[in-house]
Amino acid sequence: MSEDNRKERVMEETEAIVNEASQENQDIDGKENTAGCPADREDMADAAAGDEAADANTEADSQNEEEAGEGRAGGDSQDGEETGKKESSGTEKRGFFGKKKEKKDPKDAQIEELTDRVRRTMAEFDNFRKRTEKEKSAMFEIGAKDIVERILPVIDNFERGLASVPEDAKGSAFAEGMEMIYKQLLKNLEEAGVKPIEAVGQPFDPNFHNAVMHIEDENLGENVVAQELQKGYMYRDSVVRHSMVQVAN
């Protein structure tokens, strides 16, 4: 509400109070019909109305002063908040830009560099060790397979020789000695990880069998090994020599 509107409102209230006071005085004068001249009664009414108007003006002035004080207080508080914000923002800016990057000690930087180099060297050495062990294992397996492959013809000759022994000579000391040497050789190879591949009666598997002949046999199923022409061997999990077989159907 503006200053002019408040003043008009106060004046209107003052006039209303004066009129009401005048009407009440007139009513009282008429009822009591007291003695005295009319001039005295009018003076008394005017004085009462003047007192009420003065009280109304005083009340309006005090109200205006209170509102003006509140306005000044609000402005002061707003100015204080803005000033506080500016000071805090200035402090933040100074704190942000005032920080200086601490310089790292050259010794600490050198220690970090050397530590990183040591870690890298240890990782490389560990990889080299694992790779070397794997290569050694592979080389050992390749060398062992080569030796086993060279021994297999000797085993084949033992088997052929024992198969050619006549029936009347199988109980002789020579035949029994040959058979004992053959079994001993097979035992040592088995302990080293060499074992024969099963073929006869097994389904044909190109990973273990080498088919060189084919026959029709109703007693056998389809792609079943009917006969083993040359025994195959494995060293651990790898094939040294495939079995040479005859496949039925």
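A residue counts as exposed when its relative accessible area is over 50%, as buried when that area is under 20%, and as partly exposed in between. These classes help in reading what follows, which concerns a predicted model. With a relative accessible area of 54%, Arg-120 is exposed, because its value lies over the 50% limit. Its salt-bridge partner, Asp-116, reaches 37% and so counts as partly exposed.

It is worth staying with this pair for a moment. The closest N and O atoms of Asp-116 and Arg-120 are 2.9 Å apart. Both residues belong to helix 3, which spans residues 106-163, and their spacing of four residues amounts to about one turn of the helix. A comparable arrangement can be described for helix 4, residues 173-191, where Glu-179 and Lys-183 are likewise four residues apart, or about one helical turn. The side chains of these two residues meet in a salt bridge with an N to O distance of 3.6 Å. Glu-179 is partly exposed at 35% relative accessibility, whereas Lys-183, at 51%, is exposed. Salt bridges with shared partners also join Asp-126, Arg-129, Lys-130 and Glu-133 into one network.

Another salt bridge brings in the strand region of the chain. Lys-231 pairs with Glu-159, the closest N and O atoms being 3.5 Å apart. Glu-159 lies in helix 3, while Lys-231 sits in the loop between strand 3 and strand 4 (233-235), so this pair ties together parts that are 72 residues apart in sequence. Both partners are partly exposed: the relative accessible area is 25% for Lys-231 and 23% for Glu-159. Altogether, the count of salt bridges comes to nine.

The wider layout of the chain gives these pairs their setting. Four helices and six strands make up its secondary structure, and from the N terminus on the order of elements is α-α-α-α-β-β-β-β-β-β. Of the 249 residues, 16% count as buried. The accessible surface comes to about 19500 Å², and carbon and sulfur atoms account for 52% of this area. When contacts between residues at least 6 apart in sequence are considered, 65% of them join residues at least 24 apart.

Turning to the strands, an open sheet of three strands is found in the order 2-6-3, with mixed pairing. Strand 2 (209-215) and strand 3 stand at the edges; each has a single partner strand, and therefore one side of each is left without a neighbour in the sheet. Neighbouring strands of this sheet are turned against each other by 35° on average, direction ignored. Strand 2 pairs with strand 6 (residues 243-248) in the parallel sense, over six bridges. Within this pairing, Gln-246 of strand 6 is the bridge partner of Met-213.

Met-213 also takes part in a surface feature. Together with Val-212 and Leu-229, Met-213 makes a nonpolar surface patch of about 240 Å². Leu-229 comes from strand 3, residues 224-230, and is partly exposed with a relative accessible area of 39%. Since a patch takes in residues with over 30% relative accessible area, the value of Leu-229 meets that condition.

Conventions. Residues are numbered from 1 along each chain as its sequence is written. This is a predicted model: local features need pLDDT of at least 70, side-chain atom pairs count only at pLDDT 80 or more; totals for chains, interfaces and linings use all residues. Side-chain values use heavy atoms; hydrogens and water are left out. Patches are made of residues with over 30% relative accessible area and no salt bridge: like charges are joined within 9 Å, nonpolar side chains (Val, Leu, Ile, Met, Phe, Trp, Tyr) within 5 Å. Accessible areas come from the Shrake-Rupley method with a 1.4 Å probe; for residues, only the protein chains shown count as cover. A salt bridge is a side-chain nitrogen of Lys or Arg within 4 Å of a carboxyl oxygen of Asp or Glu. Helices (H or I, at least four residues) and strands (E, at least two) are DSSP runs, numbered from the N terminus. Buried means under 20% relative accessible area, exposed over 50%, partly exposed in between (1.4 Å probe, protein chains only). Two strands pair if DSSP finds at least two bridges between them. Axes are lines fitted to C-alpha atoms, for helices over the stretch in contact, and angles run from 0 to 180 degrees between N-to-C directions. Contact means heavy atoms within 4.5 Å.
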